[in-house]
Amino acid sequence: MRPIVPLVLLSLLLSGLVTEGGAQSTTPRPVVEAGLGKGITVRSADDKASLNIRARIQVRFTALGQSNDQRDETTEFGIRRMRLVFQGNADGPRLTYYVQLAFSNLDNEADLRLPLRDSYITWTPKRDLNVRVGQMKVPFSRQRVTSSSALAMVDRSIVVSELNLDRDVGVQLFSKDLFGTGKLGYAIALFGGEGRNRLGRTAGMLYTGRLEAWPLGAFDDYVEGDITRGRTLRVAFGVNIGYNQNTNRPRSTIGTPYAAGDFDYRNVSVDAVLKWRGLSLTSEWMARRADRDSRRVTVNASPVTIWSRSGSGFYVQAGQMLTARLEATGRYSRLRRANGTDPAFTNGREAGAGLGYYLQGHDLKLQGDYFHVTDATTGNLTHQARVQLQLFF
């Protein structure tokens, strides 16, 4: 009878292993996917949680020269942008997150070198009401909100570079399908007003509002160009307002903070997009006005004048797909300073054209452009040529 005991124990042990193995085999395994333009995604079998990781690099060559020979020509290779994106959902599709880190020199502010560009959580309880909290792009300028990965030319207009509201920390209420018509959207936001990676030092907030419309139906209006060469006409319009109270930065949310003093800024912009059969047109007008042109403040017991930067401008940009992968583009921009504002803020114009070759849409593309950039105040003309390769894995 004694040999039976070890046999019974062995059979119990084996049955336990089989049961455990069977339980493991019935547990759903996470799904892993990877691909160019999609990154690496790990998600639960029930889709309640996911993590997507993407990397983007822009390698750029730039050549600059001035027609008046005031300085020698300059040429450089640089990493214009190097980004890592972590995004996904948690506890179902209604709760998502987005984090973007930047590591190139020009992606960091000179006086505060921190890699965090975006970090926000989005909750979508209803179609007409989405809530986003964290550090994000301020919903103001169309071209600024459009990702730099999805631009038709190498970079944004000089008007947008000067007059946009960039990123800030706060809360945004928005909808991309107001009333379920697929033709209206809005965004109402409240921010700290000091820009990204900053802490407020005085009372005052940044208030913004945006209303947008797609009269013929929604489409990819935040992707420049018409790579798909859609056969139907698509149009979009946007109107934006903003008010930044007691900011200590010369361009509202951008620029090296003043050692003392602040201004109130009012911002407004309108924009329009058209796409049809490979043709794309984009235009935007923007304006920023301070409550006063300058202030006299005391810094280290000495009186100092600080200047605000008020001005306005517009750009018009057009593109045409010549083949399924090759696009020709052109842009004209005009920037005007307001009388009495910062003397260092000068009028400007840019006019240029470029080519883009899309090997894998915007995820893998080669772009080049040539611009005349004119300082309208001094008459100085800068010749600018750029070539950029982008990989967005």
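The legends below accompany an overview and several close-up views of a predicted model.

**Figure 1. The whole chain, with its 3 helices and 20 strands****.** Measuring along the principal axes of the predicted model, the C-alpha trace spans about 105 × 60 × 50 Å. Of the 393 residues in the chain, buried residues make up 44%, while the surface that the chain exposes comes to about 19,500 Å², of which carbon and sulfur atoms supply 63%. Among the contacts with a separation of 6 or more, 60% are accounted for by residues that stand 24 or more positions apart. The chain carries 51 positive and 37 negative charges, and the mean positions of these two groups are 2 Å apart.

**Figure 2. Close-up of Ser50 in strand E3****.** Strand E3 covers residues 50-66, and Ser50 is found within it. The relative accessible area of Ser50 is 15%, and because buried means under 20%, this residue counts as buried. Leaving aside residues up to four places away in sequence, Ser50 touches Val42, Arg43, Gln87, Gly88, Asn89 and Tyr97. With one of these, Asn89, the side chain of Ser50 also makes a polar contact of 2.4 Å. Ala90 can be located in this view as well, since its C-alpha lies 6.7 Å from that of Ser50, although the two residues are 40 residues apart in sequence.

**Figure 3. Close-up of Ser280 in strand E13****.** Strand E13, which runs over residues 279-290, contains Ser280. With a relative accessible area of 6%, Ser280 is buried. Its contacts, not counting residues up to four places away in sequence, are with Gly225, Asp226, Leu274, Lys275, Gln317, Ala318, Gly319 and Glu327.

**Figure 4. Close-up of the largest nonpolar core, a group of 17 residues****.** In soluble globular proteins, nonpolar side chains tend to be buried together. Within the core shown here, the residues that touch the most other members are Val138, Phe191 and Met286. Two elements give two or more residues to this core, namely helix H3 (158-163) and strand E9 (184-191), and H3 gives the most, with 3 residues. Apart from this core lies another one, of 7 residues, which includes Ala260, Phe263, Val297 and Ile306.

**Figure 5. Close-up of Met286 and the residues that it touches****.** Met286 is one of the residues that touch the most other members of the largest nonpolar core. Not counting residues up to four places away in sequence, Met286 touches Phe140, Ser141, Val159, Val160, Leu163, Asn164, Val268, Ser269, Gly311, Ser312 and Gly313.

Conventions. Residues are numbered from 1 along each chain as its sequence is written. This is a predicted model: local features need pLDDT of at least 70, side-chain atom pairs count only at pLDDT 80 or more; totals for chains, interfaces and linings use all residues. Side-chain values use heavy atoms; hydrogens and water are left out. Helices (H or I, at least four residues) and strands (E, at least two) are DSSP runs, numbered from the N terminus. Buried means under 20% relative accessible area, exposed over 50%, partly exposed in between (1.4 Å probe, protein chains only). Contact means heavy atoms within 4.5 Å. A polar contact is a pair of N or O atoms within 3.5 Å; within protein, one must be able to donate a hydrogen and the other to accept it, and residues adjacent in sequence count only if both atoms are side-chain atoms. A nonpolar core is a set of buried Ala, Val, Leu, Ile, Met, Phe, Trp, Tyr and Cys residues joined through side-chain atoms within 4.5 Å. Accessible areas come from the Shrake-Rupley method with a 1.4 Å probe; for residues, only the protein chains shown count as cover. Lys and Arg count as positive and Asp and Glu as negative; His and the chain ends are not counted. The place of a charge is taken as NZ of Lys, CZ of Arg, CG of Asp or CD of Glu.
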